[in-house]
Amino acid sequence: MLSPVNAITLLPLLTVPFVSALFFPYRIDVQGKLYCNGTPIAGVQVDLMERDFVKADDVLGISYTGEDGGFKIEATDIETWDPPHNYLRIRHSCTAVKPCVEYNCRPIILHQITARPYNLGIYELWENKGKV
């Protein structure tokens, strides 16, 4: 029989497996290219986000597109309870080609990530607002 002191000493050891099962690390790699009317767009901010249902969404990584419109973000995070809900937040202005208004662009686009790793491919920012 365990004395009360021994039982209290063992309690943390018994709860560690349970608590560690609630938290799991994951890695996510995202890449793609952003175009506006068929032209690669440089300097567009791309944020890798994790949706949180209890508090504000987390920014896992930030990248800016290069001259070829390409970006890459690699991140790790620890999730609790349920699988992660990641998305890209793309902040842009197509004024490098023509004003966004002419192309019906949205200055902020949210795009759900459906796999890990994730390749966005070429993503057109004007009119169709989606994958090419």
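The following exchange goes through how some labels are assigned in this predicted model.

Biologist: What makes up the protein, in helices and strands?

Modeller: The protein has two helices and nine strands, and along the sequence they run α-β-β-β-β-β-β-α-β-β-β. Of its 132 residues, 37% count as buried.

Biologist: Why is Asp 47 called buried?

Modeller: Buried means under 20% relative accessible area. Asp 47 has 1% relative accessibility, so Asp 47 counts as buried.

Biologist: What makes the pairing of Asp 47 and Arg 91 a salt bridge?

Modeller: The rule asks for a side-chain nitrogen of Lys or Arg within 4 Å of a carboxyl oxygen of Asp or Glu. For Asp 47 and Arg 91 the N to O distance is 3.2 Å, so the pair qualifies. Asp 47 lies in strand E3 and Arg 91 in strand E6, so the pair ties together parts that are 44 residues apart in sequence.

Biologist: Is Arg 91 buried, exposed or partly exposed?

Modeller: Arg 91 has a relative accessible area of 35%. Partly exposed covers the range between under 20% and over 50%, so Arg 91 is partly exposed.

Biologist: How do you know that Asp 57 and Arg 51 form a salt bridge?

Modeller: Their closest N and O atoms are 3.7 Å apart, and the limit is within 4 Å, so the pair counts. Asp 57 is partly exposed at 25%, and Arg 51 is partly exposed at 34%.

Biologist: Why is Lys 55 called exposed, and what is Asp 58 called?

Modeller: Exposed means over 50%; Lys 55 is at 52%, so Lys 55 counts as exposed. Asp 58, at 22%, counts as partly exposed. Lys 55 and Asp 58 form a salt bridge, with their closest N and O atoms 3.1 Å apart.

Biologist: How many salt bridges are there by this rule?

Modeller: The count is nine. Arg 27, Asp 29, Lys 72 and Glu 74 are linked in a network of salt bridges.

Biologist: How do you know that Val 59 is open enough for a surface patch?

Modeller: A patch residue needs over 30% relative accessible area; Val 59 has 45%, so Val 59 passes that cut-off. With Ile 62 and Tyr 64, Val 59 makes a nonpolar patch of about 310 Å². Val 59 sits in strand E4, residues 58-64.

Biologist: Which residues touch the most other members of the largest nonpolar core?

Modeller: In this core of 22 residues, they are Ile 28, Val 30, Leu 34, Leu 48, Phe 71, Leu 88 and Ile 90. Strand E1 gives the largest share, five residues.

Terms used:
Residues are numbered from 1 along each chain as its sequence is written. This is a predicted model: local features need pLDDT of at least 70, side-chain atom pairs count only at pLDDT 80 or more; totals for chains, interfaces and linings use all residues. Side-chain values use heavy atoms; hydrogens and water are left out. Helices (H or I, at least four residues) and strands (E, at least two) are DSSP runs, numbered from the N terminus. Buried means under 20% relative accessible area, exposed over 50%, partly exposed in between (1.4 Å probe, protein chains only). Patches are made of residues with over 30% relative accessible area and no salt bridge: like charges are joined within 9 Å, nonpolar side chains (Val, Leu, Ile, Met, Phe, Trp, Tyr) within 5 Å. Accessible areas come from the Shrake-Rupley method with a 1.4 Å probe; for residues, only the protein chains shown count as cover. A nonpolar core is a set of buried Ala, Val, Leu, Ile, Met, Phe, Trp, Tyr and Cys residues joined through side-chain atoms within 4.5 Å.
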